[in-house]
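Student: Could you take me through one part of this structure closely? I would like to see what surrounds it, step by step.

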Amino acid sequence: MSLIGISLHSSLFSPLYAHSFKPQRFNLYSKNPTAVATACMAAAAVPAEAMPSTFGFKNLMKTFTVEVQRAEGRPLNVPLIAPFTIASSRVDEVGNVAIRVELSNGCVGWGEAPILPFVTAEDQPTALAKAAEACELLRKSSGNTMGFVLREIGGILSGHQFASVRAGVEMALIDAVANSIGIPLWRLFGGASDSITTDITIPIVSPAEASELASNYRKKGFKTLKLKVGKNLNADIEVLKSIRVAHPDCSFILDANEGYSSSEAIQVLEKLHEMGVTPVLFEQPVHRDNWEGLGEVSHFAKENFGVSVAADESCRSLDDVRKIADENLADVINIKLAKVGVLGALEIIEFARTSGLNLMIGGMVESRLAMGFAGHLAAGLGCFKFIDLDTPLLMAEDPVLEGYEACGPVYKFSNTRGHGGFLHWDNVA
């Protein structure tokens, strides 16, 4: 067993990386907040020119043995610039759960379980309790492969009921291991690209507010606006008109968050067509369980206007995606880690790609911890037609240090190990 917290099997590594794994012992109790991170980096750094373009996440699952020293979840409360209102809920402040996992070498991984009322199944107290249960399992599971440990986590946090917490714990453990071996997550997940370009969301607001937001986002370089609709059809049309004036060259994504009936969704498309507006995507037009309505809107949108429909709330498991593919109910699947977990997302992505479905990646209302992980995944895989990872831009404060660099809609990922972002843990409630 190596002192860096993982067991290294020769089938994964060439002599090229041997210099990176010299055993060292670290002071895990240093009062210097950067001491542990610096020690971890010294032990596990791999020069950029020595890194492979892809690392092999599946091999990592089978061949790496983890030693978890500490694991803990804490509330992550962050104010928003303005209330975030969608058809099914309203959020005035982020009340998520941050997950911290520390390996025996002092290398730390970070994850986040987002809480979105009426969307995620967990509230914050439930998420904290389940995170504590999962962290206890992590501490007791040392000496097993990462794949085995993640499957154990999936066993106690199964299904949609605890998917957000499961995702946060999976993120933290994977990030900790990536930190240990000196690999950025975008390379670990395939190395297709080191950057992504996101849309930005306009929540349900008045036409005047929407116009002001669209104008500001235009100045910042955003070319695709995702507009939340679904509470009032006529009001939605007025907001669309105001945005069209403020940002005439933008592309539109409509997201009804289950708010319309199938007839209302079709009426919106017809009214937009009369305005000369064709959205690039219509996301979750009807209730998640209205499979017939989803298929009806999808076929109408594609056949009449060439518009793709995405399943979001209707897609909460691999079985859901199979149903969507088999019955031709939508063209696009929206992957959110908080809906299905990291491992669940990878399964769905693999199935969707072989089934001819296009992919979108999105999130709940999350900080740069969860968005950073999702962004690395999207960049590394390079298979997402639509990217909606904007919610950190809606927050009044950024609790995350370092991590990816954002320049307007473009997120740039470096060769920093893991996803690169972290919290000052003592400052987290």
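Tutor: Start with one pair of residues: Leu225 has Phe252 of β10 as its bridge partner. Keep in mind that this is a predicted model, where local features need pLDDT of at least 70, side-chain atom pairs count only at pLDDT 80 or more, and totals for chains, interfaces and linings use all residues. Residues are numbered from 1 along each chain as its sequence is written, and side-chain values use heavy atoms, with hydrogens and water left out.

Now the strand itself. β10 covers residues 251-255. Strands here are DSSP runs of E with at least two residues, helices are runs of H or I with at least four, and both are numbered from the N terminus. Four of the five residues of β10 are buried, so the rest of the structure largely encloses this strand. Buried means under 20% relative accessible area; exposed means over 50%, and partly exposed lies in between (1.4 Å probe, protein chains only).

Look at one neighbour. Strand β9 (residues 224-228) pairs with β10 in the parallel sense, over five bridges. Strands count as paired if DSSP finds at least two bridges between them. Helix α8 (residues 233-246) joins β9 and β10 in a right-handed β-α-β unit. Right-handed means that, with the strands pointing away from the viewer, the path from the first strand over the helix to the second runs clockwise.

Turn to the other neighbour. Strand β11 (residues 281-283) is also parallel to β10, and three bridges link them. Here Asp255 stands opposite Glu283 of β11. β10, helix α9 (residues 262-275) and β11 form a right-handed β-α-β unit too.

Step back to the whole sheet. It is open, has eight strands with parallel pairing, and runs β8-β9-β10-β11-β12-β13-β14-β15. Its edge strands are β8 (200-202) and β15 (386-387), each paired on one side only.

Further along, strands β13 (residues 332-335) and β14 (residues 358-361) run parallel and share four bridges. Ile333 faces Leu359 of β14 there. Helix α12 (residues 337-355) packs on the sheet and touches β13 and β14. Touching means contact, with heavy atoms within 4.5 Å. The direction of α12 makes about 150° with that of β13. Such angles run from 0 to 180 degrees between N-to-C directions, using lines fitted to C-alpha atoms, for helices over the stretch in contact. Back toward the β8 edge, helix α7 (residues 207-219) lies across β8 and β9, at about 165° to β8.
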